[in-house]
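Please open the model in a viewer and keep the selection panel at hand. The tour below proceeds by selections, with a note on what each one shows.

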Amino acid sequence: MTKKLIVRKANFDDAKRIWEIRNHPTARQESLNTEEISLDSHLAWFWGKYFDKSNSICFIIEKEGFVVGYCRLDSDGNKYIISIAIDPDHHGKGFGTFLLGESLRQFGLDKTILATVKKDNPASLCIFKKNSFISTAEDTTSIYLERF
């Protein structure tokens, strides 16, 4: 599987595909923010977040040259907030685990990274635990994880 997969830093040309994945109804349902986002709004946000003097970074995973997911690491002071999404047409194939592991390896393992996973998303929770995240807290809707 991994021979056909490439994880790399996103470039601005990837923004529309990332927007498509993020706005897919299944992805929105699993996201903390379930609202649909306009393309224009996303493009402006994406540029400002990842290309305009930011410490944040976004990785994408390609299968045979086609973007099938992304992993964002958004700077928040001395730690990073992580968000990951795989195109629902590619769920259940191990892409999320591979993308997260490769993103962390390329980003550097010496940073504190925080994740929030909805309790009704066990697949995402499994992806984070396979990549050495540990649960630090939970509330009625979410589980909070950290990787040191």
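**Stops on the tour**

Begin by selecting Ser103, which has its place in helix α4. The model is a predicted one. Is Ser103 buried or exposed? With a relative accessible area of 0%, Ser103 is buried. Now display its surroundings: once residues up to four places away in sequence are set aside, Ser103 touches Val7, Phe59 and Cys71.

Next, select Leu125, found in helix α5. Its relative accessible area is 17%, so Leu125 counts as buried, the cut-off being under 20%. Which residues does Leu125 contact, leaving aside its neighbours within four places in sequence? They are Val117, Ile143 and Leu145. For a distance across the model, add Asp14 to the selection: Asp14 and Leu125 lie 111 residues apart along the chain, and 26 Å separates their C-alpha atoms.

Turn then to the largest pocket, whose volume is about 980 Å³. To centre the view there, select Glu30, Ser31, Ser83, Ile84 and Ala85, the closest to the pocket's centre among the 40 residues that line it. Colouring by element is a useful next step. Two or more lining residues come from each of the helices α1 (15–23), α2 (25–30), α3 (39–50), α4 (95–107) and α5 (122–130), and likewise from each of the strands β3 (66–76), β4 (79–86) and β5 (112–118).

Finally, recolour the lining by residue class. How many lining residues are nonpolar, polar and charged? The lining of the largest pocket comprises 18 nonpolar, 14 polar and eight charged residues.

Conventions
Residues are numbered from 1 along each chain as its sequence is written. This is a predicted model: local features need pLDDT of at least 70, side-chain atom pairs count only at pLDDT 80 or more; totals for chains, interfaces and linings use all residues. Side-chain values use heavy atoms; hydrogens and water are left out. On a 1 Å grid over the protein atoms alone, a cavity is a set of points where a 1.4 Å probe fits but cannot get out, and a pocket is an open set with protein on both sides within 12 Å along at least five of seven lines; lining residues have an atom within 4 Å of a point. Grid points are joined across faces, edges and corners, and a volume is the space filled by probe spheres set on the points. Helices (H or I, at least four residues) and strands (E, at least two) are DSSP runs, numbered from the N terminus. Ala, Val, Leu, Ile, Met, Phe, Trp, Tyr, Cys and Pro count as nonpolar, Asp, Glu, Lys and Arg as charged, and the others, Gly among them, as polar. Buried means under 20% relative accessible area, exposed over 50%, partly exposed in between (1.4 Å probe, protein chains only). Contact means heavy atoms within 4.5 Å.
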